[in-house]
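Here's a quick briefing on the side-chain contacts in this one. Have a look at the sequence and the model, then work through the notes below.

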Amino acid sequence: MDVKKIVLLFLVIITATFLRFYQLDEIPSGLNIDESSMGYNAYSLSVTGKDRYGEAFPILFRSSGSFQAPIYTYLAVIPVKLFDASVFSVRFVSAISGIVIVLTTFLFVFLGVNRNFQQAALAAFFVAISPWSVLFTRVGTEAAPGLALFSIGALLCILSLKRSMFLIPGMAMLGLATHAYYSERLISIFFLAGFIFIFRKTILSLNYRKTLILGLLLFFIILIPHLMILNTGALTRRLNQVNYWNDQSFNQNSGYLKSYPFGKTVYVVREFSSQYFAYFSPKNLFFEPDPHGERSIPDLSTFYSWMFIPFIFGFITVLKRRSEPFIKILLLTVLIAPIAAALTTDPFHTIRVLVFLWAITLVITLGLSEIFNKLAKKLFKYSLGLILLFISLLSLYISYFVLLNKERGVFDYAYTKVLDKTEEFPDKKFIVDSSRQLGAGIRYAFYKKYNPHELQQKLGANIANNYYSNFEIEESYDLGNIESKAIEWENDIYKDQILIGDNLAISEGQIKEHKLGQVFTISDRSGKVVLWGYLTHPKDKCLSEKEGHLNKKCDKWL
Amino acid sequence: MKDLKDKINLQLLTLLLTIAVSYWFWRLIFFDLLIAVTLFLLTIFLHRYIFYKSNLKIVILLFVIASVLTLQSGFDTSFKSANKEIKLNERHKYYYEYFGKLYANRIGTYVYNNILPIWNKFEKNAFSPLDLNLYFFNSHPRERAGVEEFKKYSFLFIPFFLLGLVSLITKRTKAILVYLGAAALTSGFIASNYRLGPVLFFPLMNLFIAYGAIIVFSKISMFKYKN
């Protein structure tokens with residue numbers, strides 16, 4: 001490889017690294033519930049060797065009943081140990097996964113497409129700068145290492161077509177990916193089955209038999225932990241929460257199909273088809289982002305809108321070259337990757353289809369290469385490339401580093417600021433209404449680095465031996481001077497403390513009735529007030545009650 | 001029977017059947033007969049151009065007529081809505097904070113206030129028809145707020161559509177892409193909530209579905225014919 005190529009590859013890696021680490025702890029602001037959960041569990045593991053419920057080496061992390069895949073949390077122990085528990089250390093694993101994905105993309109395309117350096121570098125660069133990639137490798141999400149492991153597995157599988165020894169680690173990586181994220185549990189299995197079927201003449205030949213058997217054995221051994229908890233309900237808990245083939249969903253949404261024989265079957269097939277094809281919609285991919293604010297960037301979809309044109313050319317290229325091994329693997333990935341996400345009701349849920357988005361990025365790369373090949377003049381080619389690069393990076397900077405930073409307080413920046421207020425009122429207890437902020441408690445536990453031994457005792461007591469099976473336990477995070485729970489109007493107003501909530505938590509009527517006094521407000525990043533803090537006046541409240549002297553809660557105050 | 005088969009153009013018959021069973025066509029007839037007839041003819045002649053490379057001028061003429069008729073009734077007059085203005089003004093502060101004089105000059109503010117909203121609206125309208133779910137699932141699961149979604153084709157036609165798309169786009173790439181581009185660009189000026197839907201895509205959708213059906217039926221011997 002000559003110097004120019006090394007420099008080019010180095011620039012791609014530098015770009016990827018910069019886009020992932022620049023202000024990683026500040027943008028997005030605050031931690032979302034999953035990040036807080038994984039971060040605190042990693043911190044708890046690093047201190048005690050157990051998660052926040054006191055469980056050692058969990059196969060899935062309970063995490064308030066959502067049962068997070070374990071790999072991210074286990075990996076996060078390393079940066080938490082190195083950099084202490086912080087926003088940076090929680091997101092570190094995602095950022096590193098992002099760089100790994102860029103590197104494996106380069107190798108995947110380079111080794112898959114006849115060592116075409118230009119195309120491989122272009123693919124790696126697109127993965128480095130694509131909005132979906134930047135967004136989901138700058139936030140702590142299990143999907144990031146899930147994609148990293150899957151892409152390594154796919155790379156090793158493509159290598160195995162030339163040298164059988166790569167099949168074993170390839171299958172191992174695919175097996176590990178099933179422990180990284182929900183979607184990969186299905187995607188890895190389908191990919192492996194599809195890969196063996198498509199290349200059966202090679203894979204099932206005598207030369208490959210030994211490695212195939214060893215690889216499959218290793219794959220299934222890695223899957224054993226899933227089987228150990230199969231009957232507990234934890235493994236399928238998330239799917240049960242979001243699927244559409246339950247009776248309730250059928251009765252609510254099937255319309256006229258309710259009265260037809262096999263109506264439910266038709267309903268499920270129709271629903272699956274609509275969810276599946278939504279991921280292939282150019283409108284969704286290139287223009288209209290994921291509807292959820294946490295999974296999208298303002299004014300930017302999963303890809304830049306100009307990428308629609310190379311996408312079309314890439315689609316045609318893939319169809320014309322579908323007999324090539326690399327294209328077969330690419331097609332297989334594109335077709336199977338949205339299946340897991342299509343089993344859920346959430347429309348165009350991008351974080352569940354990172355493997356699909358990665359494959360689409362490769363299709364776009366093929367398309368752009370095709371367009372560049374058709375352009376004769378080098379000057380025009382390079383000018384066009386530079387213009388597209390400038391537009392893309394400018395859009396990314398404006399939408400992600402400016403607008404997302406200012407407009408999206410989705411990671412509860414304001415709730416995090418409550419901790420600053422506890423220092424202003426050190427002798428007061430803070431009750432933070434968590435009716436619409438389920439993650440407030442674990443977030444505070446993380447930021448305060450609350451003693452894991454104490455939290456294990458509080459949370460673990462309710463779990464006992466039902467770590468994987470008891471789903472409906474209410475968790476309360478009483479962390480000394482701050483507690484996250486729903487405000488109990490029968491009790492909390494009779495204690496001298498500060499109640500904090502949004503505009504729906506505490507009404508004007510309640511303020512007057514319960515003699516609350518506003519002591520502060522907290523704004524989000526755009527300056528809009530989103531939280532109000534009210535000091536209780538239990539004595540005044542008791543005096544205002546007609547029969548306050550009969551109220552036992554008023555004994556202390558009257 | 002064989003003579004009859006030879007006489008009947010099965011491609012055309014399948015295309016006519018596809019049009020006839022689409023809910024969309026009957027909605028077009030109900031609301032605007034002139035557009036319906038124009039699109040019907042455009043579909044037929046586009047089919048002739050794609051398969052027999054004839055009547056290109058008629059295709060262009062009919063496309064222009066369809067575009068004019070659609071723009072007359074469906075032109076998007078809301079290129080810069082009041083809601084957007086408020087947001088624009090808030091973002092003005094952010095851009096000034098981050099870019100300073102690079103943004104806060106005559107060109108920068110003109111582009112931001114005048115060009116960008118129009119471009120964004122155009123993009124939204126142009127991309128709106130590029131959604132499979134719009135045609136087969138009434139935009140489900142991403143139904144559009146404030147838009148009367150209506151059924152265009154049964155979702156059972158999807159396999160035919162995909163087969164037709166995959167076959168035609170590789171065999172008649174240039175023609176398909178040129179038509180697709182023209183339809184998307186023109187649709188950029190048509191409101192995405194236009195009550196007749198993305199009508200300029202009507203001919204292409206029918207062609208893909210019909211061709212996919214032909215591929216499937218040609219596997220059945222009694223329908224075998226020379227393509």
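A salt bridge here is a side-chain nitrogen of Lys or Arg within 4 Å of a carboxyl oxygen of Asp or Glu. By that yardstick, there are 23 salt bridges over all chains. Keep in mind that this is a predicted model. On the aromatic side, the count over all chains is 65 pairs.

**Salt bridges**

- R91(A) pairs with E35(A), and their closest N and O atoms are 2.8 Å apart. With R91(A) in helix α4 and E35(A) in helix α2 (residues 33-48) of chain A, the bridge ties together parts that are 56 residues apart in sequence.
- Both R91(A) and E35(A) are buried, and R91(A) comes out at a relative accessible area of 0%. The side chain of R91(A) also has a polar atom 2.6 Å from the backbone oxygen of G30(A).
- K428(A) and D496(A) meet through their side chains at 2.8 Å, N to O. K428(A) sits in the loop between α21 (413-424) and β1 (429-433), and D496(A) in the loop between β3 (482-485) and β4 (497-501), so this bridge joins parts of chain A that are 68 residues apart in sequence.
- Is K428(A) buried or exposed? K428(A) counts as buried because its relative accessible area is 16%, under the 20% cut-off. D496(A), at 38%, is partly exposed.
- E545(A) and K541(A) make a salt bridge with closest N and O atoms 3.7 Å apart; K541(A) is buried at 5% relative accessible area.
- There's also a salt-bridge network that links K283(A), E288(A), D131(B) and R142(B).

**Aromatic rings and charges over them**

- Take F106(A) and F117(A): their ring centres are 5.4 Å apart and their planes sit at 70 degrees, so the pair is edge-to-face. F106(A) is in helix α4 (residues 87-112) and F117(A) in helix α5 (residues 117-129) of chain A, so the two rings tie together parts 11 residues apart in sequence.
- Both of those rings belong to buried residues: F106(A) has 5% relative accessibility and F117(A) has a relative accessible area of 6%.
- Over in chain B, one aromatic cluster takes in W24(B), F25(B), W26(B), F40(B), Y135(B), F136(B), Y153(B), F161(B), F202(B) and F208(B). W24(B) also has the charged end of K152(B) over its ring, 6.0 Å from the centre.
- Back in chain A, R62(A) lies over the face of Y53(A), 5.8 Å from the ring centre.

**Nonpolar cores**

- The largest nonpolar core has 156 residues, and F191(A), F195(A) and F136(B) have the most contacts inside it. Helix α19 (residues 354-374) of chain A gives the largest share of this core, 14 residues.
- Leaving aside residues up to four places away in sequence, F195(A) touches C157(A), S160(A), L161(A), L167(A), I203(A), I329(A) and L332(A).
- A second, separate core has 48 residues, including F61(A), V93(A), L235(A) and Y444(A).

**Two more residues to look at**

- K458(A) is in helix α23 (residues 452-463) of chain A and is partly exposed at 36% relative accessible area. Its side chain makes a 2.8 Å polar contact with that of Y450(A).
- D478(A) is 20 residues from K458(A) along the chain, with 8.7 Å between their C-alpha atoms.
- E123(B), in helix α7 (residues 106-127) of chain B, is buried at 12% relative accessible area. Not counting residues up to four places away in sequence, E123(B) touches F287(A) and S305(A).

Methods
Residues numbered from 1 in each chain as written. Chains lettered and ligands numbered in written order. Predicted model: local features only at pLDDT ≥ 70, side-chain atom pairs only at ≥ 80, totals over all residues. Heavy atoms only, no water. Phe/Tyr/Trp six-rings, centres within 6.5 Å; stacked < 30°, edge-to-face > 60°. Helix = DSSP H or I, 4+ residues; strand = E, 2+ residues; numbered from the N terminus. Buried < 20%, exposed > 50% of the residue type's maximum accessible area, 1.4 Å probe, protein only. Lys NZ or Arg CZ within 6 Å of the ring centre and 35° of its normal. Polar contact = N/O pair within 3.5 Å; in protein donor to acceptor, adjacent residues only side chain to side chain. Core = buried A, V, L, I, M, F, W, Y, C linked by side-chain atoms within 4.5 Å. Contact = heavy atoms within 4.5 Å.
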